[in-house]
Amino acid sequence: DKKKEAHKALLKKFMTQKAKELGIPIDERLPNGGFVEEPNDVMGFDFSEFYNCEKSAACMVPPLEWDTDIDDEWEIHCPLVALAGDAVADPNWLLGVGLQRGWNSAFDACFYADNIYNNKTFNGKPPSKDEPIEDPIEWFQHMDNMINLMQTLGNASRDSKLSCEMETGMLDEKGPVVIQIRNQSAMRKGDAPVPQYLPEVEPWGRYK
């Protein structure tokens, strides 16, 4: 395709010029003008349009004890589908949020998989000592809880509504862990650094 080759030659010329302006070493005497071999020498990416996935995850399954001979067919059957990666929403490398979205969506997908059939200790909310789950959640309510959480977490990841610890990568300086470490350090007349935050699969500490 001569037209494509002409466009690629212009792009290569432009990149060579920019490399020289920025002081990036490039030897035009080398094969292919100093670029790596085709087709990975130069590429253009079109960021003029973006497409969002309306839902980052979906699921609608019957309970394990569902018997089609007795209970009839399950009307809406959708096995767990969970997208992981920065392409879930606004796939724009220029924003620098791909890594965050990639990890969070992967953690979220694992959390959904762990709790699809867990209507005994999961109710769509963080665990609470004041409101413990004493009886299994009714199945349709459990599915609603799961779907609502998928929507909430998908929006939080898309909008980068991260917890302070997830955003900084460090434990909260006013949190119980850091306070205990500093108390112990003070007793020993030392000064301990703030530990790195290690995110968990559970979403409660990763988002605002």
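Count the charged side chains in this predicted model and you get 22 positive and 36 negative ones. The centres of those two sets sit 14 Å apart. The rest of this briefing goes from the overall build down to single residues.

**Overall build**

- Let's begin with the parts list: the protein has six helices and two strands.
- Walking along from the N terminus, you meet the elements in the order α-β-α-β-α-α-α-α.
- How does the radius of gyration look next to that of a compact globule of 208 residues? The protein has 25 Å, whereas such a globule would come out near 17 Å.
- If you box in the C-alpha atoms along the principal axes, the box is roughly 75 × 70 × 25 Å.

**Surface and inside**

- Of the 208 residues, 28% are buried.
- The protein exposes about 15200 Å², and 55% of that comes from carbon and sulfur atoms.
- Now take the contacts between residues at least 6 apart in sequence: 60% of them join residues that are at least 24 apart.

**Aromatic rings**

- A pair of aromatic rings is described by two things, the distance of the centres and the angle of the planes.
- How many aromatic pairs turn up in a search of the whole structure? The search finds six.
- One of them is Trp-74 with Phe-140, a stacked pair with 5.4 Å from centre to centre and 10° between the planes.
- This pair ties together distant parts of the chain, as its two members are 66 residues apart. Trp-74 is in the loop between helix H2 (68-71) and strand S2 (78-82), while Phe-140 belongs to helix H4 (residues 139-158).
- Is Trp-74 buried or exposed? Trp-74 counts as buried because its relative accessibility is 11%, and the cut-off for buried is under 20%.
- Its partner Phe-140 has 46% relative accessibility, so Phe-140 counts as partly exposed.
- Another pair is Trp-103 with Phe-107, and this one is tilted: the centres are 5.9 Å apart and the planes make an angle of 35°.
- Why are Trp-103 and Phe-107 separated by about one helical turn? Because they are four residues apart in helix H3 (residues 98-115).
- Phe-107 has a relative accessible area of 16%, so Phe-107 is buried.
- Trp-74 and Phe-140 show up again in a group of three, as they form one aromatic cluster with Trp-66.

**Backbone details worth a look**

- Which two residues does a cis peptide bond join? They are Glu-38 and Pro-39, with omega at about 5°.
- You'll find Pro-39 in the loop between helix H1 (2-21) and strand S1 (57-60).
- Asn-32 is in the loop between H1 and S1 too. Asn-32 has a positive phi, near 60°, and is not a glycine.
- With a relative accessible area of 28%, Asn-32 is partly exposed.
- Ser-160 is also not a glycine, yet its phi is positive at about 55°.
- Look for Ser-160 in the loop between H4 and helix H5 (164-168); its relative accessible area is 29%, so Ser-160 is partly exposed.

**Two residues and their company**

- Ser-163 is found in the loop between H4 and H5. Ser-163 is buried because its relative accessible area is 12%, under the 20% cut-off.
- Which residues does Ser-163 touch, leaving aside neighbours within four places in sequence? Ser-163 is in contact with Gly-205, Arg-206, Tyr-207 and Lys-208.
- For Ser-163 and Tyr-207 there is also a C-alpha distance: 4.6 Å, with their positions 44 residues apart along the chain.
- Ala-82 is found in strand S2, and with a relative accessible area of 28% Ala-82 is partly exposed.
- Setting aside neighbours within four places in sequence, Ala-82 is in contact with Ser-56, Ala-57, Ala-109 and Tyr-112.
- The C-alpha atoms of Ala-82 and Ala-113 are 9.0 Å apart, and these two residues are 31 residues apart along the chain.

Key: Residues numbered from 1 in each chain as written. Predicted model: local features only at pLDDT ≥ 70, side-chain atom pairs only at ≥ 80, totals over all residues. Heavy atoms only, no water. Rg over C-alpha atoms; globule rule 2.2 N^0.38 Å. Buried < 20%, exposed > 50% of the residue type's maximum accessible area, 1.4 Å probe, protein only. Contact = heavy atoms within 4.5 Å. Areas by Shrake-Rupley, 256 points an atom, 1.4 Å probe, with all protein chains shown as cover. Lys, Arg positive; Asp, Glu negative; His and termini not counted. Charge placed at Lys NZ, Arg CZ, Asp CG, Glu CD. Phe/Tyr/Trp six-rings, centres within 6.5 Å; stacked < 30°, edge-to-face > 60°.
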